[in-house]
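Please look through the sequence and the model shown below before reading on. The report then goes through the interior, one helix, the pocket and a few unusual spots in the backbone.

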Amino acid sequence: MALHSLCVHLGLFKRGRNQQMEELVNRVQRVVPADAPLIIAGDFNDWHNHGCRLLAQELQLQEVFVASTGRLARTYPCGFPLLRMDRIYVRGLSVEQAQVHAHYPWNKISDHAALSATLVLPAV
């Protein structure tokens, strides 16, 4: 079975972000089989965590940091992360670990901390 992966960078304003989330959900529902493993990651600009609930309800996704630590990762600003703006959502994969990379050399790459996760596909 194919693994599907999407990278997003949603807008700063709530109205536009809500429209982008709706389009994201609609596109995934049209293109990705409901039982296919899926990763959606990127800058959601979603510090109020509206997307997590929507993606869980509509696409059966789980956020990797919530799955592994019980809370979303703080990613912005990179030098001293306070806001939870970036995410990695998965479906059909197990989360072994998730990490925030906010220190050197990662803090030289972006104003957002980098995220990584070790994921495992179930045995077929």
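What follows is a description of a predicted model, arranged by topic.

**The nonpolar cores**

The largest nonpolar core of the model has 16 residues, and those with the most contacts inside this core are I40, F44 and L55. Two or more residues are given to this core by each of the elements α1 (14–31), β2 (38–43) and α2 (50–59), and α1 gives the most, with four residues. L55 shows how such a core is knitted together: when residues up to four places away in sequence are not counted, L55 touches M21, L24, V25, F44, Q60, L61 and Y89. Apart from this core lies another, of nine residues, among them A41, V64, A73 and L93.

**One face of helix α2**

In α2, the buried residues are G51, C52, L55 and L59. Seen down the helix axis, these buried residues fall within an arc of 105°, so they line one face of α2. The partners against which the buried residues of α2 pack are α1, β2, β3 (62–63) and β4. After α2 comes Q60, whose phi is positive, near 55°.

**The largest pocket**

The largest pocket has a volume of about 250 Å³. Its lining is made of 16 residues, and of these G42, D86, A113, A114 and L115 lie nearest the centre of the pocket. At least two residues of the lining are supplied by each of β1 (4–9), β2, β4 (86–91) and β6 (114–120). By kind, the lining residues divide into nine nonpolar, four polar and three charged.

**Two residues in loops**

Is T75 buried or exposed? T75, which lies in the loop between α3 (64–69) and β4, has a relative accessible area of 0%, and because the cut-off for a buried residue is under 20%, T75 counts as buried. Leaving aside its neighbours within four places in sequence, T75 is in contact with P81, L83, R84, M85, D86, D111, H112, A113 and L115.

W106 has its place in the loop between β5 (94–101) and β6, and this residue is partly exposed, with a relative accessible area of 37%. When residues up to four places away in sequence are not counted, W106 touches C78, H101 and A114. W106 and F13 are 93 residues apart in sequence, and their C-alpha atoms are 27 Å apart in space.

**Unusual backbone angles**

Most residues other than glycine have a negative phi, and most peptide bonds are trans. The table lists places in the model that depart from this pattern.

| Place | Feature | Angle |
|---|---|---|
| Y76 to P77 | cis peptide bond | omega about -10° |
| Y104 to P105 | cis peptide bond | omega near 5° |
| N49 | positive phi, not a glycine | phi about 60° |
| Q60 | positive phi, not a glycine | phi about 55° |

Each of these places can also be located among the elements of the chain. P77 is found in the loop between α3 and β4, while P105 is found in the loop between β5 and β6. N49 lies in the loop between β2 and α2, where N49 is buried, with a relative accessible area of 19%. Q60 lies in the loop between α2 and β3, and Q60 is partly exposed, with a relative accessible area of 48%.

Notes:
Residues numbered from 1 in each chain as written. Predicted model: local features only at pLDDT ≥ 70, side-chain atom pairs only at ≥ 80, totals over all residues. Heavy atoms only, no water. Core = buried A, V, L, I, M, F, W, Y, C linked by side-chain atoms within 4.5 Å. Buried < 20%, exposed > 50% of the residue type's maximum accessible area, 1.4 Å probe, protein only. Contact = heavy atoms within 4.5 Å. 1 Å grid on protein atoms, 1.4 Å probe; cavity = no way out; pocket = protein on both sides within 12 Å on 5 of 7 lines; lining within 4 Å. Points joined across faces, edges and corners; volume = space filled by probe spheres on them. Nonpolar A, V, L, I, M, F, W, Y, C, P; charged D, E, K, R; others polar. Arc of directions from axis to C-beta.
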